[in-house]
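Colleague: Could you take me through this model and explain the words you use for it? I'd like to hear the reasoning behind each label.

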Amino acid sequence: FHLFYVKHDTNRAGLEGIYADNGFRCPYEDPYVWWNMVVTPDDIQSAEDRMLEETYPDRTEEQRLMQPRFLAHFATSLAFREHSRLGSFRFTFTLREVLDAYGEQVEETNVLYRPQFCDGEKPVMRVFKTTLYKKEIMYAVLVHSPKLSGEFSHFPLLTDDTSPVCGYNEEAGHMIWKAEAMCETHRYRLMRDDTENRMTAEPWNEYPQYFFWDNVALAFHVGKKVWTFGSDKLRDSLTISKPDDIKIEPEVIDPLEALSIIRQLWPEYQEDRVEPDQGVEERGKY
């Protein structure tokens with residue numbers, strides 16, 4: 001999968017703190033602000049198209065037109081859903097936006113600037129760690145300032161091809177995720193017809209097969225500093241997320257109440273701009 005967007009989910013207290021700070025900080029001893037990758041329907045379709053072209057490069061135009069969609073039947077874990085386990089409020093940016101914001105300098109007055117974390121240099125990305133939960137495997141990518149390269153040098157650098165799980169294509173601005181477990185419950189199996197150069201998803205006739213699911217997260221090292229984004233940019237990126245059946249954050253806020261909370265924090269926000277019930281693809285890129 002080639003992934004262009006990242007998300008940060010939070011509850012009401014987290015939202016109010018982000019609003020007050022005009023950005024993100026670490027609420028715990030952990031010196032990182034965590035983001036998860038977003039997988040859109042277009043990302044799934046593009047991955048399917050690449051898979052078919054690599055497997056059957058000599059397909060005819062008729063075979064391409066007759067090929068049914070199949071990958072979405074397998075992409076059913078939380079990594080592919082819009083639901084949240086961490087709260088009702090979601091900030092969504094492109095990966096390039098958050099990397100630029102992490103490395104850029106922030107204007108304090110008309111003539112003075114202060115660096116965020118990288119003094120205008122590019123952030124460094126490294127293979128961080130793998131965390132195993134009861135039904136989930138999380139692969140973490142570390143993002144840090146070049147000034148901390150010595151401290152984190154024992155973690156391998158992340159490139160576009162070195163990791164068996166994920167990589168970063170700097171030129172295109174997307175993460176490359178080589179998903180290994182796309183669904184918690186396998187209800188379909190992949191069928192290949194090499195005679196017709198096609199693949200299909202066939203229902204699993206036996207009992208469903210249960211597996212771990214995996215995903216990729218990014219840990220941005222911020223220490224005790226606030227990672228500033230600006231009020232308008234935060235509001236532009238804010239949406240209301242649906243709660244997942246399994247929740248880490250027990251607080252569930254009704255969408256109308258969530259919208260009211262957002263409007264109380266940003267009362268002067270222009271209503272003709274993006275509304276918080278729009279999906280990531282409707283929000284668009286800056």
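Modeller: Let's begin with Asn22, which sits in the loop between α1 and β3 (23-24). Keep in mind that this is a predicted model.

Colleague: What makes Asn22 partly exposed?

Modeller: Its relative accessible area is 30%. Buried means under 20% and exposed means over 50%, so Asn22 falls in between and is called partly exposed.

Colleague: And what is special about the phi of Asn22?

Modeller: Phi of Asn22 is near 60°, a positive value in a residue that is not glycine. Most residues other than glycine have a negative phi. Asn197, in the loop between β13 (188-193) and β14, also has a positive phi, near 55°.

Colleague: Why is Asn197 called buried or exposed?

Modeller: The cut-off for buried is under 20%. Asn197 has 16% relative accessibility, so Asn197 counts as buried.

Colleague: How do you know whether Leu95 is buried or exposed?

Modeller: Leu95 has 0% relative accessibility, which is under 20%, so Leu95 counts as buried. Leu95 lies in helix α4 (residues 95-103). Beyond its neighbours within four places in sequence, Leu95 is in contact with residues including Phe4, Tyr168, Met175 and Leu218. The C-alpha atoms of Leu95 and Met37 are 8.5 Å apart, although 58 residues separate the two along the chain.

Colleague: Why is α1 described as parallel or antiparallel to α6?

Modeller: The axes of helix α1 (residues 12-21) and helix α6 (residues 255-265) cross at roughly 20° and come within 11 Å. Angles under 35 degrees count as roughly parallel, so α1 is roughly parallel to α6. Their crossing is right-handed.

Colleague: Which residues meet there, and what is the contact made of by class?

Modeller: Arg12, Leu15, Glu16 and Tyr19 in α1 meet Glu257, Ile261, Ile262 and Leu265 in α6. By class, that contact has five nonpolar, three charged and no polar residues.

Colleague: How does the span of helix α2 compare with what is expected?

Modeller: Helix α2 (residues 41-55) has 15 residues and reaches 21 Å from first C-alpha to last, close to the 21 Å expected at 1.5 Å a residue. Its buried residues are Asp43, Ile44, Ala47, Glu48 and Leu52, and they pack against β1 (2-3), β4 (32-38) and β14 (198-203).

Colleague: How much of the whole protein chain counts as buried?

Modeller: Of its 286 residues, 46% count as buried. The protein chain has seven helices and 18 strands.

Definitions and conventions: Residues are numbered from 1 along each chain as its sequence is written. This is a predicted model: local features need pLDDT of at least 70, side-chain atom pairs count only at pLDDT 80 or more; totals for chains, interfaces and linings use all residues. Side-chain values use heavy atoms; hydrogens and water are left out. Axes are lines fitted to C-alpha atoms, for helices over the stretch in contact, and angles run from 0 to 180 degrees between N-to-C directions. Helices (H or I, at least four residues) and strands (E, at least two) are DSSP runs, numbered from the N terminus. Angles under 35 degrees count as roughly parallel, over 145 as roughly antiparallel, 65 to 115 as roughly perpendicular and the rest as oblique. A crossing is left-handed if the near helix is turned anticlockwise from the far one by less than a right angle, and right-handed if clockwise. Contact means heavy atoms within 4.5 Å. Ala, Val, Leu, Ile, Met, Phe, Trp, Tyr, Cys and Pro count as nonpolar, Asp, Glu, Lys and Arg as charged, and the others, Gly among them, as polar. Buried means under 20% relative accessible area, exposed over 50%, partly exposed in between (1.4 Å probe, protein chains only). The expected span of a helix is 1.5 Å times one less than its number of residues.
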